[in-house]
Every structure is written in C-alpha cells, then in structure tokens.
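Me: I would like to go through the contacts in this structure, one interface at a time. Please keep the answers short.

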Amino acid sequence: MKAIESFETPRPSEVNYINAQYGLKSWLLTKDHKRIALLYLGSITFFFFIGGLYAMMIRLELLTPQGDLLQSTTYNKVFTQHGIIMIFFFLIPSIPATLGNFLIPMMIGAKDLAFPRINLLSWYIYLLGGIITIYALLAGGVDTGWTFYTPFSTTFSNSYVVAAGLGIFINGFSSILTGLNFIVTIHTMRAPGMTWFRMPLFIWSHYATSLIMILGTPVIAITVLLLAFERVSRVGIFDPGLGGDPVLFQHLFWFYSHPAVYIMVLPSMGVVSELVANFSRKNIFGYSFVAFSSLAIAVFGFLVWGHHLFVTPQSVYAGMIFSFLSFAVAIPSAIKVFNWTATLYRSSISYDTPMLYALGFIGLFTVGGMTGLFLASLAVDVHLSDTYFVVAHFHYIMVGGALMGYLGGLHYWWPKISGRMYPEGWGRFAALVIFVGFNLTFLPQFVAGYLGMPRRYHAYPPEFQVFNVLSTAGASILGFGMLIPAIYFVWSMRYGKHAEANPWHLPGLEWRTQSPPPTENFEVTPVVTWDAYEFAPREEIEVVGKFGPEAERI
Amino acid sequence: MEQQREAGTLGMWVFLVTEIMFFGGMFLAYTLYRSMFPAAFASASNHLDITLGAVNTGVLILSSFTMAMAVYFTQIGKRRPQILCLVLTLILGLTFLGIKAVEYHDKYTDRLIPGHLIPSAPFGPAVNEHGKPPDHHKLTLLTGATLPQVEMFYWIYFAMTGMHALHMIIGAGLLTFLLIYSIKGRFDPEYHSPVEVIGLYWHFVDIVWIFLFPLLYLLGRHLEHG
Amino acid sequence: MSEHIVPVRIYVTIFLALLVGTTLTVMAAFYDFPWQFNTIIALTIASVKATLVVLYFMHVRYSSRLVWVIVAAALFWMGILFALTLSDYSTRQWLSSGY
C-alpha cells in the first residue's frame, strides 16, 4: 500500500478559514495568512488588469507605423505606466504575496507566519502605495519610463514623477516586510522533523527571493527618495550642474532592479519545481542542486546590474566584468532547467493544466534566458540595446516564465485555497490559447528588434509593420486567453466541484489537511519524517494524530 | 515565548539589514563625490560646527549606553531604573535633534541649503576673499574648490543627516511607546522583547552617526590652514 | 536557552571606550597625516566604535551564529554596491579619451 494513502483522508468539516468568521471586519483585520493571501490575490489581479489595459493601448498604437492613436507624450506615459504597474504592483508581489503567504506556513507545518500582524500591515502598505500611484496616473501620468532615468526625471519631465516615486517607495516596504516575515518564519517555525533539506523547493525559492527583497529593495527606496529630493530642490547628486553624474542614478537604480527580476522569477521557479515533481510522480532530480541554485541566483543576481549600463559612459573595464558575471548568472538557472528535464525523463507525466503551464515555463524561460546571453555580450548589446529585442527578451522571462508559473501554481493549489476544482477542460484550453497568443505576441519582436526597431517609440518605419501586426494579433489572443481563467476561477467558487483534501494524491504537507484548510492549518502539529517528494512507498510514514473528532490535541 | 523572543530579535536584525543597505546608497554617493571633489568637500566640511557635531556624537553615545542599561534593568526586573534609563535615552535623543535643529538653522542663515529647497533662500553663501582676514561666518574655499561642488556637499549633508534625523524621530516615537508600556508594568524578565528590539534599532541609528560625524565634520580639518 | 545578561561593568567600559574613540578621532582630524592616512585613521576609529556597539550594546557577541551571519551579509552586500560601482568610476580614465 502506498504510504500516502495510509493515513485517513480528513472528513470534510464544516469549518474552514473562509467561513470561520463572517463580515468585512473579519477579513480586513484578519491575522490569518490564508485570508491575507486572498486579499493580495484580489488586489494584484486588479492591478494586472490595469497594466493589461495599458498593454492593449500600446499594441493598438503599434498596429500602424504612424503615431495616429496617441500623441508621443501620451504614448510615453502609457508604456511607463504599463511598466510601473506590471512590475511593482503585479509581478513583484504576485507569487510571494499570494501563493507564498498561503502555502509557506502550511508547507513547513506551522500555524501561521512569524509576524501575522506585520503580514496584514504589508497588504495595507501595498494598497497605500497603489492608491498613490493610481493618483499619479489619474492626475496626469508619468512619462519617464519605469526606469526614471535622470536628468529627464529630475529636471525636464513635466509629469507626476514625485507622486509615482512615492507610491513605489511605499510599496517597497510591503516587499521588505513580506521578505522579513518569510525569512524569520522559515528559520524559526518549521515543524518538528522538518529539516532544511526536507523542505519543498517552493520554500527554498521563496527564501532566496526574500533575501533579495531584503538586500535590494532598500536601495531603490533611497534612490527614489534622492530622485524626489533632487526634483524638489532642483539640484542634486545626479545633476551635472553640481558636478554630479546621471549614470550614478542608473547604478543605484539597477542595483535593485536587476535583482528584482529574480524576485519575479525565483518564486515561479519554485512553483515549477513543485509542478514538475508532483505531476510526473517522481522525486525531483538533484534536489540539493536545485535548492542551492536558488541561493546562487539570489547572490549572483546582485553582481550583474552593470549590464543595463553597457551603452552609457560606464567604464568598458567595468562592463567587461559585468558581462562575464552576467554569463555566470545563467548557470544556476540552467542547472534548474537541466534538473527539471531530468526529472521529467522516464517519469509518469500527467498533462493536467498545472503541468501544461510548467512545461510552458521550461520552454519559454529557456528562450528568454538564452536571448539574455545575446544581451550580456558587450558588443552585441550595443546593437540590441533599446530595441524590441530587449522587450521580447524580458517578456519571455516575465510572462512566459513568471506569469506561467503563477498561473500554474494558481491552478495547482486552487482546490486547497478554495475547496473547489476549476474545470479541467477549460483550464487546458486556456493554457494552450495563452501559450499560442504569447508566442505570437513576442516572437516577432525578437526579429523586429534585431532588425533595428527601437523600443518606446509610438511611430516606426513601415518595414517593421508586419512584425507589429503579428504581435498585436498575438496580444489579442493572449488577452482573450487570460480572461478565461479569470472567469472560470470566479465561477468555480460557487459552482465548481468540491475538492477533497488531496485531489492530486500527493505527499506534500499542504495536502494533508482539509481543503480549504481550517484557520490553524493543521488540527495537530505534524511531525515530519519524510522527504519532500517521496513517491516511493515507505513502510513507516508517521503522521501524529488523525483528523476529525478522534484527533489528539498536543 | 523563547521562540517568539528569538523571532523578534531575528526580525529586527533582518530589518536592520535593510537599513544598512538604505544608508549604504547615500554613503556611496558621498564616497564618489568626495573622491572627485576633495577640495570642495574639505572646504564645505570645515564650515560645519565641529563643537556641535562632537557634542552630538557624545550625546548619542551616552544615549546608547542608557538604552543598553534600560535593557539590562528590564532583564533583571528593576522597573524604576529601567524607566529612568528610558527617560534619559529619550531626553538625549531629543537633545540631539535640538542641536541638529540649531545647526540646520545656521545653514539657513548662511544660505547653505542647496538649490531651491527653501524658495526664499536659495543656495548662495558668502565666500571669504583671498588675502583678506577670514570671516568666521563666511565660507573659505580651498584651492581647487568651486561653489557648485560645495553645494553638492551640502546636498549630501542634508540628505544624510536629514534621513538620520528622521530615523531618530521615529526612534523617539518608539521610545515613547516603550515608556508608556514600561510605566504600565508590561515588561518583566520573562517578557521584554520590545525593549531589546527597539534597543537594537536605537543602537543602529547611533552607529550611522558614528560614521557620519567623521565623514561629514572632520574630513578637511587637517587642511584648515592650507 | 537562558538569556545572556551582560554585566554593567562591560557596558561602562564600552561607553568610556566610545568616548575615548570620539576624542581621538577629533584630535587626529587636526593633524595632517601623509597620503590618505587622515581618512584611514578616521574610518578605522569609526569602525572600531561601531564594532564595539554591535558586539556589546547590541549583544551580537552573545548571539547565535545566525545573527553573526546576518550582520556579515549586510556588510558584504554594501561592499558589493561600493566595489562594483566604484570599479566603474575608478577605471573610466583608463581609456585615453577619458570621460
């Protein structure tokens, strides 16, 4: 008899974290990490759609070579705001604040995070930052690019730079508090028997992500403040009038913003590790390599920011160092891809929706990663910098990578989160539509960029139109594809099939409690004696206590 | 409880890491421009009041001592000395801020506030002329220093000391909260994690000043006669 | 695991050492040392003072290894910010055209 079937499936009890208390106050003042995760889920979905609207405007404008839909200054605002919203208010919080918040305590056998009230505070801070940023957008917008390069942002832009900067600054604290909570939780609140090397790789990724949040976010915080201070006092450290260097801003900005892309992708990689192992019913190949590669990505990610400054007056010698290090940072990511592939080899793969997203991630992230190598080469980057090649590269990682992982994780853990199953047929269909739409949107952009089409232009020479038309067509399909899960997830909350505790029949600790979980996660503190992805049968798997009224309370 | 104490301490240390990186960005800017404009930075630094700066350093060091003693008395359960030490720490902190306010006011009267931060008093200090006996209230430019570079120094001075002062104000707020709960008797040898943790924050703010003082106030003193 | 209580005499010693350090650094500031030694001396004294505060006032000497690692990591990361950025500025002049 397989070990995972040797303990009793908990009897679905009436009380879970969703219905334990009713009323708006019980949600808005909750300390339950699971409810906070749902609060985040709602807000980031809202911001995702706002960012998506801006994307739609970009693609509509770029259908034709002339700048006929939007004025150039308006277009500047549109792509700036698309970037700010998507990066700071969607991608960076997405997986950690929703899936991370929900699952980390459960995966380590804890009742909650180390600091539940700080967790709630982080959500309110996120909202405050979001509201201030939306005010900036509605009051007139920002047109500096999400990168806020000086001296345009400090001296010449006539848009709401300080307000947008303030929104981003405040939002940074949300990130810091989340990372702080995760680090302390993982160090101090693991259940008995849950050693570091028995933790799921999802936890390792989030630990590494939290390290980046802690070490990197403060630097963009001070940078944005210095930018605002310079704008208000009309002189400053980035100002050539005082002998300052605008490139110093870029150094400080990218010191955070490069590791930030690893904040966006590492959690997604953690999800993919879970999906690959669990949906191929095989222990992950090279567990410790994957675990350490997460840490390596976090560390190395801090050493490469200068590759965003290759076409600035940055010293060529520094450029060479950064170029070499940028090649090196690809290695731990490649290690993950190799290990996932080796896991899949000769395994028993079930092509459920989460697995489809995981497979999509592996392919698309690889494309994104390899095109990054072109950009890491100093000489090639001179040609490709500020073209659509770069745009395509980072969208392959952010959308083809991070977003796919997010969607895959959302589908995988949806039964645990909501107690309902999403409709599998529609899930697979949507995954396919998203995959096709995504590639149609961004693959032509590689070619257009290589052929010289610059980014951030609202008008372009006619020879690039065919690529842009393909791209906009793809974007429409992608947009349609993303609407489908939005609809069926909401639908499933009322009409979806009720999910049992362990609908996928997997060994993870989160599956050993009911769906949805009770507020305290586990009725009895688990004592862990098994490894993270034990699919092979084992005689003595122990779970202390049972569920239901016979449970022994410790 | 023990685990919660450990978690609280760990949490504050992780937060202090973010503070180190936060101030680090400004220290970087300082390092860069000081190496680029040594004469201007020295000239500007020499115009800061070294007495007030040194007194403030002493004040903060004393406040760190009283804060450590407050934690000590809490650990051994002596409530009155604990409250006294917290009060002293708060008073010393406010003293620091008071002296800082005096210094800032001096900068305002000497027209050393950079740019158009104060629209009615843009940057424009009076400069001592060569050959004439130096006026204490005017700026002396060493060889090679230019006024824009001096303005750069003061921009960094205000950014760094301003941010530091903001952290002191927050610290004073936290101390007030500690005082109120201490008077209510909330802390004892079994539970005093907030005292320790806020103590860590206070010591960190002291450490930032330990570096700010020599870097901002002392860097050009050996060239004062040059 | 019982909490370590640092004896008062240690706190007093450290406090006095900090005052001595401050006095030293002010005195050294007025003397013109060769090369960059003024800066080096000032930073060394400041670092020693900071270390004393960290080890004794902040109890790191009596804390777990994890806390030591956290402090070391923060300093190391600030080092990365400094080293790689300054590697840009210090090597710009190496090209004959300068910047």
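Reply: Domain bounds come from an automatic or database domain assignment. The model is predicted.

Me: How many Å separate the centres of domain 1 of chain C and domain 2 of chain C?
Reply: Chain C is divided into domain 1, residues 1-63, and domain 2, residues 64-99. Taken over C-alpha atoms, the distance between the two centres is 24 Å.

Me: What area is buried between domain 1 of chain C and domain 2 of chain C?
Reply: Five residues of domain 1 of chain C touch five residues of domain 2 of chain C. Carbon and sulfur atoms give 74% of the buried area between these domains. That area is about 360 Å².

Me: How many residue pairs are in polar contact across the interface of domain 1 of chain C and domain 2 of chain C?
Reply: Salt bridges between domain 1 of chain C and domain 2 of chain C number zero. For polar contacts, with both residues at pLDDT 80 or more, the count of residue pairs is one.

Me: Which three residues of chain B supply more of the area that chain B buries against chain A than any other three?
Reply: Chain B and chain A each bring 33 residues to their contact. About 2,700 Å² is buried between them, 83% of it from carbon and sulfur atoms. The three residues that supply 25% of chain B's share are M21(B), F22(B) and W155(B).

Me: Which element gives the most residues to the side of chain B that touches chain A?
Reply: Between chain B and chain A there are zero salt bridges, and five residue pairs are in polar contact, both residues at pLDDT 80 or more. Two elements of chain B give two or more residues to this side, α1 (2-36) and α5 (147-183). With 19 residues, the one that gives the most is α1(B).

Me: Which residues of chain C lose the most area to chain B?
Reply: The contact joins 45 residues of chain C to 48 residues of chain B. It buries about 4,000 Å², with 81% from carbon and sulfur atoms. Together giving 16% of what the chain C side buries, the residues are E3(C), F30(C) and M58(C).

Me: Which element gives the most to the side of chain C that touches chain B?
Reply: Across the interface of chain C and chain B there are zero salt bridges and five residue pairs in polar contact, both at pLDDT 80 or more. The elements of chain C that give two or more residues to this side are α1 (8-30), α2 (37-57) and α3 (65-91). The one that gives the most, with 12 residues, is α3(C).

Note on methods. Residues are numbered from 1 along each chain as its sequence is written. Chains are lettered from A and ligands numbered from 1 in the order in which they are written. This is a predicted model: local features need pLDDT of at least 70, side-chain atom pairs count only at pLDDT 80 or more; totals for chains, interfaces and linings use all residues. Side-chain values use heavy atoms; hydrogens and water are left out. Contact means heavy atoms within 4.5 Å. Buried area is the accessible area (1.4 Å probe) that two parts lose on being put together, summed over both. A salt bridge is a side-chain nitrogen of Lys or Arg within 4 Å of a carboxyl oxygen of Asp or Glu. A polar contact is a pair of N or O atoms within 3.5 Å; within protein, one must be able to donate a hydrogen and the other to accept it, and residues adjacent in sequence count only if both atoms are side-chain atoms. Helices (H or I, at least four residues) and strands (E, at least two) are DSSP runs, numbered from the N terminus.
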